[in-house]
Amino acid sequence: MELNREIVNLLTNAEDKLRDAFKEVDNLALFNQSKVLDAFRDNAIGQRHFAGTNGYGYDDIGRDTLCKLLARIFGTESAIVSPLIVSGTHALSLTLFALLKHGDKMLSISGAPYDTLQTIIKGNGNGSLADNDIDYIQVDLIESGLDYAKIEDTLRNNKIKLVFIGRSRGYEWRNALTVSQIKKAADLVKSISPDTIVMCDNCYGEFTDYTEPTQNNVDIVAGSLIKNLGGGIAPTGGYVCGKSELIDKVACRLTAPSIGMEVGSYASGYRTFYQGLFCAPHVVACALKSAMLFSQVFTDLGYSTLPEPSIIPSDIICSIQFETKDQAIDFIRAVQKASPIDSNVVPFPWDMPGYDSQVIMAAGTFVAGASIELSADSPLTKPYTAYIQGALTYEHAKLAIMYCLESLSNKKG
Ligand SMILES: *Cc1c(COP(=O)(O)O)cnc(C)c1O
């Protein structure tokens, strides 16, 4: 591509402004890398853990050790990391169904959960939580984040089996919750109602901080392996981490109450999961820097972004608000054009399963739909917000920004 001087200057200035914040991200990545390396050493990971298995997968050491490894990293008693969990939505769904029973009530304290969870919660005749007589209430977020007073009030006036916290922004114009905000909420829940289970949707949050929610009074977290924890290498899968008593229930829900995690084979082998987990702290750091660079550049151009520049996001997303639908569409198309895979494809808005409005997506990824790779999406409703996330390399994000700026300047004529 031809480099326009104005665009190069804009990027150089943005990077200068971010220098100190980028150093902080480097420190975070070093800390998390060390945590991951220690876990690999403690579990004496070797080639034998990578071998594939078939059939029932009894004594599958690759599967069992992968679970132990993540439990160690997240500071939990137990974990399930499995290619048999098809996605983040599946991991979250099976956790909710494992822990909630007929007559129980769930409380979301971070407003509406992520779009694909709506259909799991609300009655629709498809075997949702509501179809199983599981009640749902929510406390909306306020300007400053969690509404602690209302959460307290709700807990005092209702018998709540499970409190749900969405860490990432999802498709909302807000910042992700920080681990310290999550800790404050979890501490509050436990002080009022010690038996209530605190669960967190950890998608996009892994390794964006020094500790995970499970090290801060959260009982159980779930997420996807084609986001942060897969490091861009894991080909599929999901995970659930937490207290043994809860994880055992999730295991029985994943397979069957008689077999739990004693079974489950994976013929392709587990190397990609181990290698992805090992790379994840660095890849997440690239994604954080990428989100911060998008934020800085688009703020400098006069757009509203979240997080504001120089703030290290608590997920790997940068949200940018555009004035028109066409601008949002052009932005997504420029990201697609800058992708290593399917750069020749022009994305169009479509009715994605699990989402309310039409969505346009850029997903030129090696692993289909992997959003730890540089990808972007925009639900086409007002205000026209595009969400850009991931990046296997920081350099790729920088090039993608150049494509976006070029597309914008061409439109201006
Ligand atoms: C991606 C995501 C999910 C769902 O994960 P999938 O792997 O897409 O099914 C749930 N919650 C949040 C916050 C997410 O970002």
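This passage describes helix packing, the surroundings of the ligand and several local backbone features in a predicted model.

Three pairs of packed helices were examined. Two packed helices are described by the angle between their axes and the distance between the axes. The pair formed by helix H1 (residues 5–42) and helix H2 (residues 61–74) packs at an angle of about 140 degrees, and the axes are 9 Å apart. H1 and H2 are therefore oblique to each other, since angles over 145 degrees would be needed for a roughly antiparallel arrangement. The crossing of H1 and H2 is right-handed. On the H1 side, the contact is made by Lys35, Val36, Asp38, Ala39, Phe40 and Asp42, and on the H2 side by Leu69, Arg72 and Ile73. Sorted by class, the residues of this contact of H1 with H2 comprise five nonpolar and four charged residues, with no polar residue.

The loop between H1 and H2 contains threonine 53. In sequence, threonine 53 is separated from tyrosine 266 by 213 residues, yet their C-alpha atoms are 5.4 Å apart in space. When residues up to four places away in sequence are not counted, threonine 53 touches Asp60, Ser265, Tyr266, Ala267 and Tyr270. Tyrosine 266 is thus both the distant partner in sequence and one of the residues touched by threonine 53.

A second pair consists of helix H3 (residues 88–99) and helix H7 (residues 244–254), whose axes lie 8 Å apart at an angle of about 110 degrees. H3 and H7 are therefore roughly perpendicular to each other, as angles of 65 to 115 degrees are placed in that class. Their crossing is right-handed. His90, Leu94, Thr95, Phe97, Ala98 and Leu99 of H3 meet Leu246, Lys249, Val250, Arg253 and Leu254 of H7. The contact of H3 with H7 holds seven nonpolar, two polar and two charged residues.

In the third pair, helix H5 (residues 148–157) packs against helix H6 (residues 179–192) at an angle of about 25 degrees, with 10 Å between the axes. This angle makes H5 roughly parallel to H6, because angles under 35 degrees count as roughly parallel. The crossing of H5 and H6 is right-handed. Tyr148, Ile151, Glu152, Leu155 and Arg156 of H5 form the contact with Gln181, Lys184, Ala185, Leu188, Val189 and Ile192 of H6. Seven nonpolar, one polar and three charged residues make up the contact of H5 with H6.

Attention then turned to the ligand. The residues around the ligand are Ser87, Gly88, Thr89, Leu92, Tyr114, Ser168, Asp201, Cys203, Tyr204, Ser224 and Lys227. For serine 87, a polar side-chain atom is located 3.3 Å from an oxygen atom of the ligand. For threonine 89, a polar side-chain atom is located 2.5 Å from an oxygen atom of the ligand. Aspartate 201 has a side-chain N or O atom that is 2.6 Å from a nitrogen atom of the ligand.

Local backbone features were found in several loops. The peptide bond joining leucine 306 and proline 307 is cis, with omega of about -5 degrees. Proline 307 belongs to the loop between strand E8 (304–306) and strand E9 (317–322). A cis peptide bond also leads from lysine 382 to proline 383, where omega is near -10 degrees. The loop that holds proline 383 runs between strand E11 (375–379) and strand E12 (384–389). Asparagine 217, although not a glycine, has a positive phi of about 75 degrees. Asparagine 217 is placed in the loop between strand E5 (197–201) and strand E6 (220–224).

Key:
Residues are numbered from 1 along each chain as its sequence is written. This is a predicted model: local features need pLDDT of at least 70, side-chain atom pairs count only at pLDDT 80 or more; totals for chains, interfaces and linings use all residues. Side-chain values use heavy atoms; hydrogens and water are left out. Axes are lines fitted to C-alpha atoms, for helices over the stretch in contact, and angles run from 0 to 180 degrees between N-to-C directions. Helices (H or I, at least four residues) and strands (E, at least two) are DSSP runs, numbered from the N terminus. A crossing is left-handed if the near helix is turned anticlockwise from the far one by less than a right angle, and right-handed if clockwise. Contact means heavy atoms within 4.5 Å. Ala, Val, Leu, Ile, Met, Phe, Trp, Tyr, Cys and Pro count as nonpolar, Asp, Glu, Lys and Arg as charged, and the others, Gly among them, as polar. A residue is near a molecule or strand if one of its heavy atoms lies within 4 Å of it. A polar contact is a pair of N or O atoms within 3.5 Å; within protein, one must be able to donate a hydrogen and the other to accept it, and residues adjacent in sequence count only if both atoms are side-chain atoms.
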